[in-house]
Structure formats: structure tokens, C-alpha cells
Amino acid sequence: MNAPAAPTTRQVVFPAKDRIVVDDAPLPAPGADDVLVRIRRVGICATDLHLLAGHIGDPFPLVPGHEFVGEVAALGDEAARARGLRPGDRIAVEMLLPCRSCARCREGRYNLCEQDDPGAGLARGRQLGVNIPRSHGHGLWGGYAEHVLVPAEAIVHRLPDDLPWERAVLVEPLAVAHRALARGRVASGDRVVVIGPGPVGLLAAAAARSAGAARVVVVGTRASRLDPARRFGADAVVNTRASSDLVADVRTALGGDLADVVIEIAGVTGAQRDALRLVRRGGRVVLAGACGAGAELTLLADEELLTREVDVLPSFLSAGGFEPAIAQLARGEFPYEQLVTHTVGLAEVEGAFALIASRDDTVIKIAIDPAR
């Protein structure tokens, strides 16, 4: 009598730069500290396209996908005890695997974990779906898959049972937005400008409005991205391509003043320069958009910084942002599901990447449903 076939799970794999395949992998039973997650949705992030192009190191072969949510399929006894989870629970998992012992982790800035330093010469990375190769260990490290095996060091969050997956998939980008708001100390009554109306930028506008901002203005270059901004908390939008005087137009949109806080999430140095121009004296500028390795930002040291005492605050990833993001999504204040304009299956990822690269105006956010 033949033995039953060993269980497998399907994954999208980047075997090398600019190559995408769909493959099966062995599905191991979770160890004592592990949680096996059945992926219900995973968001496609611009980072994933940069990974495929080889712009972010050489993690190949890689199973990408760090914006994943799902349900507990199985878990070890110690994981069940320590995390208070059971099969069927709905969860979100942070991409970072912090060591929890270095100086940065101990001060709560686990996004800067010293064990994730690219210069540390680690055998593998510490970011799920970003820099842990499929060839390491069990290989179930990324969310473009039917399953992910989550280790003990991962940070896991319970999701409300009634939170739709189409909305829950936005928790990671909204967490990035919440970290940016926290870095900028956005408070009730602030005038906030968001530069870059991509998914994180639109969610940052919603988060600023939810935090009590007196006025929110979104700045960008694409009408197809600016138009939805009013549904996500923006009082006004400014298209830089149609503006002959960006500072004057933003000042008008803010009611005559410059911003208390500017959050840049466009990921280009020109937008970072604009952020300095759009903030009031003594205001705060948050730089949350990744510009790519080697990008240089030139500023006027005295005119733009010293004599204006502007706080320039980089914001990296999502540490501390998941809790407020989950709470905001649960409140349902905005039509979040409208941001997910396309949903595809694992076999359709290559086409989805091409659609994003084409800058198709119908695309805001594409999510993957592995069950399709």
C-alpha cells in the first residue's frame, strides 16, 4: 500500500533577478514555538517589484510578500501558550523578526534591530518576505504563498473576527503610516500635508484625519491617485504638475498657513525637498518614502534648516504601528476596501507586476488571494 503523499504548499518564488515562478514546497508541521499561518490575503508592495529587479540586495531564491494576513492553521504547544492563540484565529504578522535583546530593540525601536544590520554579515535576513532566502531552513518565509511558518521571534497581532480580509490586508501599509504620524507627533489641531498619494499616503491622510488634524492636504502628480484622497480624509489636493507655485497653492489649501507637519511618502528626493518648503518654521518633516540606494538629498543648510529650526524625522517601516492600524481599520471610518482595486491569484502575480509597472490609472493597491 502506498504511503500518503507528504503535504505541500504553493508559493510564488523569485529564483533569480527578474524571474517569477509558482512552485510547490513541503509543508512541515510547526515546531513547538512556531505558528503555521494560512494566508488569506497579501498585498503587493512596490518593495516587491524592487526586490525582483535586484535593487534590494541579493536574497534569491526568495518568496516575497510582507503585507500578509491570515488565520492560524496549526501551532506548537509553546506558541499556543505564549501567544494565546488557537487554530482558526485571524492574525496579522509583522515582517520584522527582532532579536529583542539589542539596544535598539530594548528601547522599543525594533525596526532598527542591530541584528538586521546589512553590514553585520548575517547568514540570513530578519524580514519576512524581504531578505530571508527560500533556501534557508523550511523556506516558508514569505506571504506570496498558501502558508507561512512564523517563528517565535515574530510579532503577531490578533485581528477582529468581523474585519473583512479585503480591509485587513491594509494593516501593514496603515501601520507604516501610523509610525510616520507618531514620528511627526501629529496631534489634534495640526495642519498636515501628505506628499505622495499612493496606498500608504492615502492611508496616512486617513490616519491624520482620524488623529484630529484640523486640515489635511494631499500633494501628488497623478490625478487618479489624488481623486480618492478626499474620501480618505483630505480637505484638499494639489497636483504639482498643474501648479505654477506649489508653496502658494498649498498655503491656500491650508487656509493661509504652511503645514505643522509634512509627511513625505513619495520616495523621490524632489518630494523631500518640497517637504522642507511646505512646512512652517519650527514644524516637523517626516521622510517615510524610500528613494533607493545612492539617492542624495541636497538642502540649503541655513535657509531651509538652521534658521527655520525644522525637525527632519526619517520614519522606517512600521514598528509600533500595528495596534493603532488594526484599531482604525476596525472602526471603519473610511471606505478602505476601495483602495484594493484588484485581487489576483498566485499564478497571476507576473501580470499584476506588469500592470503596476505600467502605471495604469485604475490601480491603487493589488492584493493576492492564494485561494483563487
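**A six-stranded parallel sheet and the helices around it**

In this predicted model, six strands pair in parallel to build an open sheet, and their order across it is β10-β9-β8-β11-β12-β13. The two edges are formed by β10 (236-239) and β13 (311-314), each of which has a pairing partner on one side only. On average, and with direction ignored, neighbouring strands of this sheet are turned by 20 degrees against each other.

Within the sheet, it is worth pausing at the pairing of β8 with β11. Strand β8 (residues 191-195) runs parallel to strand β11 (residues 259-264), and four bridges join the two. Here Val 192 can be found opposite Val 261 of β11.

Two helices can then be placed on these strands. Helix α6 lies across β8 and β9 (215-220), and its direction makes an angle of about 170 degrees with β9. Helix α8 (residues 246-253) lies across β8, β9 and β10, with an angle of about 170 degrees to β10.

Helix α6 (199-210) also appears in the surroundings of another helix, α11, as part of what covers the buried residues there. In helix α11 (residues 322-331), the buried residues are Phe 322, Ala 325, Ile 326, Gln 328 and Leu 329. Viewed down the axis of α11, these buried residues fall within an arc of 165 degrees, so they line one face of the helix. Their cover includes, besides α6, the strands β5 (90-93) and β7 (156-158) together with the helices α4 (165-168) and α5 (171-183). Following α11 comes Gly 332, which has a positive phi, near 65 degrees.

How values were computed
Residues numbered from 1 in each chain as written. Predicted model: local features only at pLDDT ≥ 70, side-chain atom pairs only at ≥ 80, totals over all residues. Heavy atoms only, no water. Buried < 20%, exposed > 50% of the residue type's maximum accessible area, 1.4 Å probe, protein only. Arc of directions from axis to C-beta. Contact = heavy atoms within 4.5 Å. Pairing = 2+ DSSP bridges. Axes fitted to C-alpha atoms, helices over the stretch in contact; angles between N-to-C directions.
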